Amino acid sequence: MTSTDASGSARRVRTACSYDCGGRCLLEVEVSGDRVQHIGTDAAPDSRVQACGRGLAQGEVARAPDRLTRPLRRVGERGSGDFVPISWDEALTTVAGELARVRDHHGPESVFLMDSYGSLGALHNTSNTARRFFSLFGGSTTRWGNTSLEGAIFASRATFGAALTGSTRDTFLSSRLIFLWGWNPVVTRFGPDTVGYLEKARQGGARIVCVDPRRSPSAVALADEWVPIRPGTDAAMLIAMAHVMITEGLHDRSFLATHTAGFDLFADSVRGTADGVPKTPQWAEAITGVPARTIERLAREYATIRPAALCAGWAPGRSAFGEQYHRAAQVLCAMTGNLGVEGGWVAGGTGILPLGSLAKSLPVPKASGPVLHGTELYDALLRGKAGGYPADLKLLYVVGSNFLNQFLNVNHGVEALKAPEFVVAHELFLTPTARHADVVLPVTHFLERDDVGQPWAGGPYVMGMEKALEPLGETRSDLEIFTELASRLGIADYNGKTDAEWLREFVAATPGLPAFETLKREGVHRLDPDRPWVAFREQIEDPTGHPFRTPSGKIEIYSQKLAELGDPLIPPVPTFLTAWEGPGHALAARYPLQLVSPHSRGRINSQGGNIPRLKALADDELWLNPEDAAHRGIASGDRVRVSSDRGELSVIARVTDRIVPGVVSLDAGAWYRPDGTGVDRGGSVNVLTGGRRSPGGAFPGSTCLVEVDKEAPQR
Ligand SMILES: Nc1nc2c(c(=O)[nH]1)N[C@H]1C(S)=C(S)[C@@H](COP(=O)(O)OP(=O)(O)OC[C@H]3O[C@@H](n4cnc5c(=O)[nH]c(N)nc54)[C@H](O)[C@@H]3O)O[C@H]1N2
Ligand SMILES: Nc1nc2c(c(=O)[nH]1)N[C@H]1C(S)=C(S)[C@@H](COP(=O)(O)OP(=O)(O)OC[C@H]3O[C@@H](n4cnc5c(=O)[nH]c(N)nc54)[C@H](O)[C@@H]3O)O[C@H]1N2
Ligand SMILES: [Mo]
């Protein structure tokens with residue numbers, strides 16, 4: 001444990017963010033007394049773990065004036081924000097009492113655990129701490145459907161029999177062509193080393209093409225070519241690229257014969273043998289808005305310039321039939337033989353690499369209990385069993401999630417949050433979600449805890465995290481809170497160890513790591529392999545010895561498992577399916593513009609939305625094309641009303657040709673702040689979004705039609 005230097009002179013500690021951005025970047029924190037004087041990242045042993053502006057602002061986050069420091073009990077209506085501070089004893093007694101009451105009277109499935117990605121340390125992990133508790137509690141209803149990449153996970157399982165498809169970023173140094181397809185790592189990072197390797201690849205002669213409805217910061221900084229595309233139509237463009245390769249004989253026949261199953265069935269579908277519609281570049285042009293000639297050229301380039309990396313981002317997959325886009329991208333990777341080789345890339349999910357990764361984190365015993373997809377939560381809260389859901393949800397338990405802001409259809413959420421008998425949230429701040437809780441339990445910030453962490457993928461290193469500050473006020477970690485609740489509820493075995501004991505155990509179980517105390521002092525420990533880690537290298541180099549974990553043992557272009565589902569909306573070969581909300585849909589008469597909602601430079605999802613230094617980094621204006629603006633008499637700087645079938649918000653417009661006509665963009669994560677008339681003045685984009693999950697489970701944030709009008713000046 002570190003202690004504050006009595007003389008008040010500064011000390012330095014090394015830690016890393018535990019946020020859900022794929023980072024885990026080095027923070028060198030200079031602390032004096034209870035304050036962070038400065039956070040730097042320059043002494044990093046190499047540029048590959050350097051922190052971004054969000055990391056460097058964590059001193060302000062941890063000591064923000066609106067940090068919650070005491071447990072709160074609601075006194076006004078839900079959502080009113082009227083709370084009074086209470087003691088921990090009262091808070092824990094109330095929460096334990098409600099948990100026991102609901103479990104004993106209605107069954108544990110009447111508790112819904114809403115855990116999310118607030119903190120992703122190995123120990124202080126908002127999901128593991130909560131899931132461990134509720135497993136031992138007797139179960140609960142939980143959520144399925146990863147908001148980030150469920151489409152990619154679904155597709156990767158079908159195609160490769162694996163959810164994890166990550167490679168280390170140094171593989172880009174061998175790439176001669178790189179597609180940033182709906183991927184904007186200049187803002188979203190995906191590990192602190194991604195952009196550096198992309199820059200190096202480009203300096204070494206790789207051509208970079210960005211396919212995105214927006215000329216994103218990555219398109220500006222990294223790309224040789226920007227290909228604007230209509231949101232939600234990527235599968236059509238990819239399938240048309242396959243058409244070009246097939247008709248021109250550019251596909252890698254020997255790779256396909258050795259490693260894949262079902263290519264002929266896909267080729268039939270591309271040619272239109274059964275439906276009479278050949279999936280030509282002209283066909284795709286009408287759907288995507290991308291000129292047929294561009295599609296042809298890019299198909300030829302991807303098939304002939306090798307090795308090439310098709311980095312298929314997750315945003316295009318967070319759409320109506322998002323999994324089809326991922327499946328199509330995966331098939332193209334296989335058709336060009338760019339899989340399992342250095343310089344190639346597997347379009348898919350990601351995940352901690354199976355190399356020297358941290359062997360242990362807080363264990364979560366298996367629990368049985370019903371699951372609901374995140375997009376079903378509000379309807380389930382409102383209708384329960386009568387609506388066909390597995391339980392009547394009486395108690396909502398929220399840990400590390402600002403779902404009201406971050407899930408689709410905020411107004412529906414506000415209605416649904418009136419329904420449960422009791423709502424608890426563990427939070428740092430009174431977020432839009434926490435405002436709707438009955439009891440809010442104040443948690444520590446990661447700068448106030450020891451931990452260890454590892455980035456999502458591609459970052460072959462482990463970070464030791466040393467506590468820099470004492471917990472603010474009366475805050476406690478999620479682990480401490482659950483430990484207390486477990487003891488009040490008579491749950492044995494939730495936590496019999498100190499933090500240091502857990503952490504020593506996790507680190508000791510991992511070959512190649514120094515002891516926890518050393519790791520904590522050093523900060524970064526790299527586990528670099530001697531050559532790039534490439535997903536599926538073994539399967540490609542030695543197909544007999546290392547089959548894929550699919551029914552055929554091969555890359556399944558035609559998926560036997562999907563065929564067995566017999567669901568026309570989950571076809572066995574990648575297929576473009578028209579979204580349930582989009583151009584040409586009846587709703588487009590009233591709401592003619594498509595909306596995308598990228599992740600912000602100034603936030604991690606919604607986190608940072610209340611911090612001035614981070615707000616200043618964010619771009620919270622609505623981007624719209626000059627053509628669309630002219631029709632509506634809108635100029636940059638005008639306040640506009642954006643409306644959808646689900647709600648309305650008010651923001652400032654930016655007119656820019658960096659977005660394709662017919663599409664507008666507003667970054668996700670600004671905090672919901674409704675005025676008296678139900679219009680959101682905070683610019684929380686999910687006031688506009690809505691709808692059901694994709695058949696494969698993707699969270700369809702970018703399937704959304706809106707209209708934009710100039711707002712009459714306020715009096
Ligand atoms: N700064 C920052 N970094 C983050 C996060 C954050 O909030 N802030 N969040 C983290 C998390 S949780 C995640 S899951 C990742 C998200 O990472 P991504 O999903 O990659 O990020 P997005 O910003 O949503 O989208 C990337 C790009 O896709 C484009 N796009 C949107 N829809 C489509 C489409 O239909 N087709 C095509 N071709 N392009 C499209 C957007 O314009 C954007 O430029 O980022 C992580 N990193
Ligand atoms: N329209 C649209 N919506 C989107 C997206 C999009 O692209 N467009 N992206 C989606 C994606 S990819 C994601 S991942 C989701 C994210 O959805 P969430 O995971 O709900 O997003 P966050 O805003 O990161 O909320 C995490 C909360 O945890 C709290 N927190 C931080 N540390 C701790 C801790 O140690 N303990 C506890 N108890 N709490 C802590 C933070 O204060 C914050 O309020 O949003 C999704 N929503
Ligand atoms: Mo995410």
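1. Ligand 2. In this predicted model, ligand 2 is surrounded by 33 residues, of which S116, Q406, E427, D478 and S606 are the closest. Three polar pairs can be listed for ligand 2. A nitrogen atom of the ligand sits 2.6 Å from a polar backbone atom of Q406. An oxygen atom of ligand 2 is 3.0 Å from a polar side-chain atom of R449. The side chain of Q607 places an N or O atom 2.8 Å from an oxygen atom of ligand 2. With Q406 the protein partner is a backbone atom, whereas with R449 and Q607 a side-chain atom takes part.

2. Q406. This residue is one of the closest to ligand 2 and belongs to helix 16, which spans residues 403–406. Is Q406 buried or exposed? Its relative accessible area is 18%, and the cut-off for buried is under 20%, so Q406 counts as buried. The side chain of Q406 makes a polar contact of 3.0 Å with the side chain of N405. Beyond four places in sequence, the residues in contact with Q406 are N605, S606, G669, N686 and F699. One of these, S606, is also listed among the residues closest to ligand 2.

3. Ligand 1. Around ligand 1 there are likewise 33 residues, and the closest are D212, D234, R318, R603 and N605. Which atoms of ligand 1 pair with V211, G232 and D234? A nitrogen atom of ligand 1 is 3.2 Å from a backbone N or O atom of V211. An oxygen atom of the ligand lies 2.9 Å from a polar backbone atom of G232. For D234 the partner is a nitrogen atom of ligand 1, at 2.7 Å from a polar side-chain atom of that residue.

4. N605. This residue is among those closest to ligand 1, and N605 is also in contact with Q406, itself one of the residues closest to ligand 2. N605 is placed in the loop between strand 21 (593–596) and helix 23 (612–615). Its phi is near 55°, a positive value in a residue that is not glycine. The relative accessibility of N605 is 23%, so N605 counts as partly exposed.

5. R189. A second positive phi in a non-glycine residue occurs at R189, with a value of about 70°. R189 lies in the loop between helix 6 (185–188) and helix 7 (194–203). Its relative accessibility is 15%, so R189 counts as buried, whereas N605 is partly exposed.

6. Cis peptide. The bond from R306 to P307 is a cis peptide, with omega near -5°. P307 is located in the loop between helix 13 (292–304) and strand 12 (308–312).

7. Helix 4 and helix 18. How do these two helices run relative to each other? Helix 4 covers residues 126–137 and helix 18 covers residues 478–488; their axes come within 9 Å and cross at roughly 10°. Angles under 35 degrees count as roughly parallel, and helix 4 and helix 18 are therefore roughly parallel to each other. Helix 4 contributes T126, T129, A130, F133 and F134 to the contact, and helix 18 contributes D478, L479, F482, L485 and A486. Sorted by class, the contact has seven nonpolar, two polar and one charged residues. D478, on the helix 18 side of this contact, is also one of the residues closest to ligand 2.

8. S156. This residue belongs to helix 5 (residues 150–160). S156 has a relative accessible area of 0%, so S156 is buried. Leaving out neighbours within four places in sequence, S156 is in contact with G161, A162, A163, T165, Q330, G348 and G349. S156 and E556 are separated by 400 residues in sequence, and their C-alpha atoms are 9.8 Å apart.

9. L503. The position of L503 is in helix 19 (residues 499–508). L503 is buried, at a relative accessible area of 0%. Not counting residues up to four places away in sequence, L503 touches L123, D450, D451, V452 and F516. Between L503 and L527 the sequence separation is 24 residues and the C-alpha to C-alpha distance is 18 Å.

Notes
Residues are numbered from 1 along each chain as its sequence is written. Chains are lettered from A and ligands numbered from 1 in the order in which they are written. This is a predicted model: local features need pLDDT of at least 70, side-chain atom pairs count only at pLDDT 80 or more; totals for chains, interfaces and linings use all residues. Side-chain values use heavy atoms; hydrogens and water are left out. Axes are lines fitted to C-alpha atoms, for helices over the stretch in contact, and angles run from 0 to 180 degrees between N-to-C directions. Helices (H or I, at least four residues) and strands (E, at least two) are DSSP runs, numbered from the N terminus. Angles under 35 degrees count as roughly parallel, over 145 as roughly antiparallel, 65 to 115 as roughly perpendicular and the rest as oblique. Contact means heavy atoms within 4.5 Å. Ala, Val, Leu, Ile, Met, Phe, Trp, Tyr, Cys and Pro count as nonpolar, Asp, Glu, Lys and Arg as charged, and the others, Gly among them, as polar. Buried means under 20% relative accessible area, exposed over 50%, partly exposed in between (1.4 Å probe, protein chains only). A polar contact is a pair of N or O atoms within 3.5 Å; within protein, one must be able to donate a hydrogen and the other to accept it, and residues adjacent in sequence count only if both atoms are side-chain atoms. A residue is near a molecule or strand if one of its heavy atoms lies within 4 Å of it.
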